[in-house]
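Here are some short exercises to work through with the sequence and the 3D view side by side. Try each task yourself before you read its solution.

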Amino acid sequence: MNKEINHAKQWVLKNTRLREQLTNENKAYYEKLLLYIRTAGIFYEEEEVEQLLYAILSDIVMAQENNEAAVDYFGENPKEMANLIILRLEKPKFKKKLTIAGNIFLISSFFYLIGNFSMAKVNFNPILFFLQGILSFIVVYFTFFYIHKKVYSNDFPTKKSLLLNTFYLGLIGCCVIGSFVLTDLVTPPNLIVTISNPFHFILIGILTIVGASYIGLKKLNK
């Protein structure tokens, strides 16, 4: 898994360096395509996605060297081409989905515990802990989905469409915040487990050590 992540990051770095060779027009064309493909889903193999993006970028650079613009080389409808590319991506395996979902859940859980930490105690509600972990995953998933759908939807934005987008984003933000608040309000308070001093310090310390060790091991593997 770590090797796959490292290889993906290497492709991202190569992509970033090669992108600097693009003209402003070609860069705008490619970066929209890049965002559309990267946000197609959170479960696809990152290395495979980045390799495909690098191949597209290499073609654009080659066309540019022949005085051909990206829009002339790939056409005025890159969305259609991108959809064909996405269809060719390997379908994510269940283990991959479970790993990504688990990582998002663990990050959410850590912040939940930190948010309920005080100098005297930690209030832990197992149902709220579980619900907010799931909600965090849903928020991340739909953020990718929303960005993906919007990449090519406003190529020629009007004042009305910009206002509507602002309204929709504000509404989505309120729904997200409201969902977290609602889960807190409807969860039965009698299920709260209180971890008092000094055990809550030990719990936070263990979580911090585990988190730091995980990050350290990833850095070491890189």
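The exercises below go from the overall fold to single side chains, and the model they use is a predicted one.

**Exercise 1. Get your bearings: find how many helices and strands the chain has and in what order they come.**

Solution.
- Step 1: Start with the count. The chain has nine helices and two strands.
- Step 2: Walk along from the N terminus, and the order reads α-α-α-α-α-α-β-α-α-β-α.
- Step 3: Add the burial. The chain has 222 residues, and 27% of them count as buried.
- Step 4: Look at the contacts. Taking those between residues at least 6 apart in sequence, 79% join residues at least 24 apart.
- Step 5: Finish with the surface. About 14,500 Å² is exposed by the chain, with 67% of that coming from carbon and sulfur atoms.

**Exercise 2. Work out how the buried residues of helix α5 are arranged around its axis, and which elements help to cover them.**

Solution.
- Step 1: Locate helix α5 at residues 78-88 and pick out its buried residues: Pro78, Met81, Ala82, Ile85 and Ile86.
- Step 2: Look down the axis of α5. The buried residues fall within an arc of 140 degrees, so they line one face of the helix.
- Step 3: Turn to the face of α5 that points away from the buried side. Exposed residues Leu84 and Leu87 are carried there.
- Step 4: Find the cover. The buried residues of α5 are covered by elements including α2 (24-38), α3 (46-65), α4 (70-74) and α7.

**Exercise 3. Decide whether His148 is buried or exposed, and list its contacts beyond its neighbours within four places in sequence.**

Solution.
- Step 1: Place the residue: His148 belongs to helix α7.
- Step 2: Apply the cut-off. Buried means under 20% relative accessible area. His148 has 11% relative accessibility, so it counts as buried.
- Step 3: Set aside the neighbours within four places in sequence; His148 then touches Tyr36, Thr39, Ala40 and Ile86.
- Step 4: Link this to the previous exercise: Ile86 is one of the buried residues of α5.

**Exercise 4. Stay with helix α7 and find which residues make up the nonpolar surface patch of about 710 Å².**

Solution.
- Step 1: Collect the members of the patch: Ile127, Phe130, Leu131, Ile134, Ile138, Tyr141, Phe142 and Phe145.
- Step 2: Check one of them. Leu131 sits in helix α7, which spans residues 126-150. Its relative accessible area is 34%, so Leu131 is partly exposed.
- Step 3: Check two more. Phe142 is partly exposed at 46% relative accessibility, and Phe145 is partly exposed at 42%.

**Exercise 5. Describe the geometry of the aromatic pair formed by Phe142 and Phe145.**

Solution.
- Step 1: Recall what is needed: the distance of the ring centres and the angle of the planes describe an aromatic pair.
- Step 2: Take the total, which is seven aromatic pairs in the structure.
- Step 3: For Phe142 and Phe145, the centres are 6.1 Å apart and the planes make an angle of 80 degrees, an edge-to-face pair.
- Step 4: Use the sequence. Phe142 and Phe145 are three residues apart in helix α7, so about one helical turn separates them.
- Step 5: Widen the view. Ring pairs join Phe43, Phe137, Tyr141, Phe142 and Phe145 in a cluster.

**Exercise 6. Find which parts of the chain are linked by the salt bridges Lys9 to Glu46 and Glu31 to Arg19.**

Solution.
- Step 1: Note the total of four salt bridges in the structure.
- Step 2: Take Lys9 and Glu46, whose side chains meet at 3.5 Å, N to O. Lys9 is in helix α1 (residues 2-19) and Glu46 in helix α3, 37 residues apart, and the pair links distant parts of the chain.
- Step 3: Compare accessibility: Lys9 is partly exposed at 39%, and Glu46 is partly exposed at 30%.
- Step 4: Now take Glu31 and Arg19, a salt bridge of 3.5 Å, N to O. Glu31 lies in helix α2 and Arg19 in helix α1, so this pair ties together parts twelve residues apart in sequence.
- Step 5: Look at accessibility again: Glu31 is partly exposed at 32%, whereas Arg19 is buried at 13%.
- Step 6: Add one more salt bridge, between Glu20 and Lys27, with the closest N and O atoms 3.9 Å apart. Glu20 is exposed, with a relative accessible area of 56%.

Terms used. Residues numbered from 1 in each chain as written. Predicted model: local features only at pLDDT ≥ 70, side-chain atom pairs only at ≥ 80, totals over all residues. Heavy atoms only, no water. Helix = DSSP H or I, 4+ residues; strand = E, 2+ residues; numbered from the N terminus. Buried < 20%, exposed > 50% of the residue type's maximum accessible area, 1.4 Å probe, protein only. Contact = heavy atoms within 4.5 Å. Areas by Shrake-Rupley, 256 points an atom, 1.4 Å probe, with all protein chains shown as cover. Patch = residues over 30% accessible without salt bridge, like charges linked within 9 Å, V, L, I, M, F, W, Y side chains within 5 Å. Arc of directions from axis to C-beta. Phe/Tyr/Trp six-rings, centres within 6.5 Å; stacked < 30°, edge-to-face > 60°.
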